[in-house]
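Hi,

Here is the structure I said I'd pass on. Have a look at it first, then read my notes underneath.

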Amino acid sequence: MAQMRLDKFLGEMGVGSRSQVKEMARKGRILVNGSPAVKADVKIDPEKDEIQADGKTVSYVSMEYYVLNKPAGVVSAREDGRYPTVLELIPQAKRKDLFPVGRLDLDTEGLLLITNDGQLAHRLLSPKKHVDKVYYARIAGRLPQDAVSRMAEGLALEEGWTTLPAVLEILEDGKGEKESQIRLTIREGKYHQVKRMFEALGCQVVYLKRLSMGPLVLDEGLLPGQCRPLTDEELRELNNA
Ligand code: URA
């Protein structure tokens with residue numbers, strides 16, 4: 001691996017900002033291969049050199065990948081003034097540059113990939129790639145008889161935009177008396193897309209949960225608010241998606 005500056009390395013690994021690291025180095029709190037680093041801008045090899053900050057070894061992680069079961073009430077953003085963010089649910093994260101791949105609404109639950117791999121995120125979100133996203137929803141209001149075919153044909157949601165064909169499976173039809181339960185597969189991810197598609201049918205989404213994104217599937221055992229690292233197999237599949 002190429003050499004990099006000590007302060008950049010420690011910044012990426014969340015030890016501190018460049019000025020904090022400089023100060024730590026000045027006080028002898030940072031060791032490179034056992035010797036105090038006098039300057040914070042020395043070049044190190046993150047894979048070969050042993051770096052310690054305040055007595056703890058800092059190992060280099062270049063990419064991190066987590067799957068989160070996003071609970072309601074948490075925003076899919078890196079920062080927010082009002083609500084907790086999805087990143088606060090990944091306390092084991094080493095890097096400071098993680099972000100959620102796409103957004104789920106504040107009240108939506110379910111699968112969210114969190115990483116710092118910008119290329120993977122770009123591929124998964126690119127409108128040209130048409131990655132399948134599967135949602136489970138509970139719907140109030142009467143589902144029209146032709147709901148499945150209208151979803152399959154595409155709905156004109158706004159001037160110049162008709163949704164791509166979507167697959168609607170009716171798990172339980174409440175016939176307008178009770179909530180219906182459905183599964184919907186879409187290949188886009190525009191703002192409030194699932195909610196807007198049901199609104200166009202005269203219905204209202206009262207609960208929404210994402211079950212999968214491409215080959216990545218939410219496991220039953222992962223409760224809302226819980227996360228786990230992606231397996232190597234899942235990462236391979238995502239990269240090939
Ligand atoms: N569609 C929506 O309406 N909301 C989401 O959070 C995701 C898809």
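Below is what turned up, going from domains to pockets, then a sheet and the cysteines.

First, a word on the source: this is a predicted model, where local features need pLDDT of at least 70, side-chain atom pairs count only at pLDDT 80 or more, and totals for chains, interfaces and linings use all residues. Residues are numbered from 1 along each chain as its sequence is written, and side-chain values use heavy atoms, with hydrogens and water left out.

The domain assignment splits the protein into domain 1 (4-57), domain 2 (65-127 + 215-240) and domain 3 (133-213); such bounds come from an automatic or database assignment. Taken over C-alpha atoms, the centres of domain 1 and domain 3 are 52 Å apart.

Now the pockets. A pocket here is an open set of points on a 1 Å grid over the protein atoms alone, where a 1.4 Å probe fits, with protein on both sides within 12 Å along at least five of seven lines; lining residues have an atom within 4 Å of a point. The largest one holds about 670 Å³ of space, a volume being the space filled by probe spheres set on the points, which are joined across faces, edges and corners. Its lining has 31 residues, with R103, G189, K190, Y191 and H192 nearest the centre. Both domain 2 and domain 3 give residues to that lining, so the largest pocket lies between them. By type, the lining has 15 nonpolar, 8 polar and 8 charged residues (Ala, Val, Leu, Ile, Met, Phe, Trp, Tyr, Cys and Pro count as nonpolar, Asp, Glu, Lys and Arg as charged, and the others, Gly among them, as polar).

The second largest pocket has about 170 Å³. Among the residues lining it are N69, E109, K209 and P224, and the lining divides into 6 nonpolar, 1 polar and 4 charged.

There's also an open sheet of 4 antiparallel strands, in the order β3-β2-β5-β6 (strands are DSSP runs of E, at least two residues, numbered from the N terminus; two of them pair if DSSP finds at least two bridges between them). Strand β2 (residues 30-32) is joined to β3 by 2 bridges, and V32 has S35 in β3 as its bridge partner.

What about disulfides: how many are there? The count is 0, a disulfide being a pair of cysteine sulfur atoms within 2.5 Å. C203 is buried at 5% relative accessible area, and C227 is buried too, at 17% (buried means under 20%, with a 1.4 Å probe and protein chains only).

Cheers

Technical notes: Buried < 20%, exposed > 50% of the residue type's maximum accessible area, 1.4 Å probe, protein only.
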